[in-house]
Amino acid sequence: MIEIHDVSLTLGEQQVLRRVSFQVAEGATTVILGGSGSGKTTLLRLMLGLYKPTSGFIRIGGEDITEFSETDLTRIRQNMGMVFQGAALFDSLSVRENVGYRLWEHHLQPDEDIHRIVEDNLRFVGLEHVIDKMPAELSGGMRKRVGIARALASGAAILLYDEPTAGLDPVNTFAIGQLIARLKTKGVTQVVVTHDLDTAYRVADRIVMIVSGRILFEGTAQDLRNCRDQSVREFLDPASAVTA
Ligand SMILES: Nc1ncnc2c1ncn2[C@@H]1O[C@H](COP(=O)(O)OP(=O)(O)O)[C@@H](O)[C@H]1O
Ligand SMILES: [Mg+2]
């Protein structure tokens, strides 16, 4: 369970988030929608404890992380996997080394177990055949899927995605949506930042729409389809707003 409670954040001169509250239930998938600069990435960074709210608090698994030390934050982050904007793989490491990176870094398991975990997670994203390739040899869509395999391999129960379908063609966008949908059935808690409405409707248990750092809408996909609020309609269908 992730709980964002009345969170405001000022960075430099700018108030980036204003009194934002929502919850992500355990095993649920919440999609965060919003235009560029609305505060979506900042929200993910807050969940990782990379920013501290100016006011309000954030609870992860029942623990208020707002005043946590770096040591406690490291413990919390071990349970969270991040699929970054851009795939953010290590270019000089093979796919295998990328996916197993966190596990090898901490040496918590025998080598052969790590190899098996890496292989299992690459199979899950349909990429076991590229295990010995370098990131530069892969397409953008493949790199994204390797990023998801890496987040899964670390054993994270919470996955955060920052625009996982940005820059992908429709086929790869669909494939990423499919993966997120399959992870729901495995009980992973997911927060997916995206501009892509199709993906949002496909995977979301709940949708949070954020505009200029404020929540404009929060509810199910069905609630969003039925929502008659003018600003929400304009976001969903700018063309209709122009001609209205
Ligand atoms: N470290 C920072 N210092 C000052 N302003 C920032 C910082 N990080 C983000 N911002 C501002 O906060 C707003 C939201 O940024 P961001 O969360 O990256 O938006 P999004 O991911 O929705 O595109 C933007 O106007 C951005 O310029
Ligand atoms: Mg962003």
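**View 1. An open sheet built from four strands.** In this predicted model, four strands line up in the order E2-E1-E4-E5 to make an open sheet, and the pairing is antiparallel. Strand E2 (14-24) and strand E5 (63-64) sit at the edges with a single partner strand each, so one side of each has no neighbour in the sheet. As a reminder, strands of a sheet pair through backbone hydrogen bonds, in either a parallel or an antiparallel way.

**View 2. Zooming in on the E1 and E2 pair.** Strand E1 covers residues 2-11 and runs antiparallel to E2, with 7 bridges between them. To find your way along this pair, look for Ile-4: its bridge partner in E2 is Phe-22.

**View 3. Strand E8 and its cover.** E8 takes in residues 189-194, and 6 of its 6 residues are buried. Which residues lie on each face of E8? Thr-189, Val-191 and Val-193 are on one side, while Gln-190, Val-192 and Thr-194 are on the other, and all of them are buried. Both faces of the strand are therefore covered, given that buried here means under 20% relative accessible area.

**View 4. E8 with its partners E3 and E7.** Strand E3 (residues 29-33) pairs with E8 in the parallel sense, over 5 bridges. Strand E7 (residues 158-162) also pairs with E8 in the parallel sense, again over 5 bridges. Val-191 is a handy residue to centre on: in E8, it is the bridge partner of Thr-30, and it is the bridge partner of Leu-160 too. Val-191 is also one of the buried residues of E8.

**View 5. Stepping back to the whole protein.** Beyond the strands picked out above, what does the full fold contain? The count comes to 11 helices and 10 strands. The radius of gyration is 18 Å, close to the 18 Å that the globule rule gives for 244 residues, so the protein is as compact as a globular protein of that length. Its C-alpha trace spans about 60 × 40 × 35 Å along the principal axes. Of the contacts with a separation of 6 or more, 62% are between residues 24 or more positions apart.

**View 6. Inside, outside and charge.** Of the 244 residues, 47% count as buried. The accessible surface comes to about 11,600 Å², and carbon and sulfur atoms account for 50% of it. As for charge, there are 26 positive and 31 negative ones, and their mean positions are 3 Å apart.

Note on methods:
Residues are numbered from 1 along each chain as its sequence is written. Chains are lettered from A and ligands numbered from 1 in the order in which they are written. This is a predicted model: local features need pLDDT of at least 70, side-chain atom pairs count only at pLDDT 80 or more; totals for chains, interfaces and linings use all residues. Side-chain values use heavy atoms; hydrogens and water are left out. Helices (H or I, at least four residues) and strands (E, at least two) are DSSP runs, numbered from the N terminus. The radius of gyration is taken over C-alpha atoms; the globule rule is 2.2 Å times the number of residues to the power 0.38. Buried means under 20% relative accessible area, exposed over 50%, partly exposed in between (1.4 Å probe, protein chains only). Contact means heavy atoms within 4.5 Å. Accessible areas come from the Shrake-Rupley method with a 1.4 Å probe; for residues, only the protein chains shown count as cover. Lys and Arg count as positive and Asp and Glu as negative; His and the chain ends are not counted. The place of a charge is taken as NZ of Lys, CZ of Arg, CG of Asp or CD of Glu. Two strands pair if DSSP finds at least two bridges between them.
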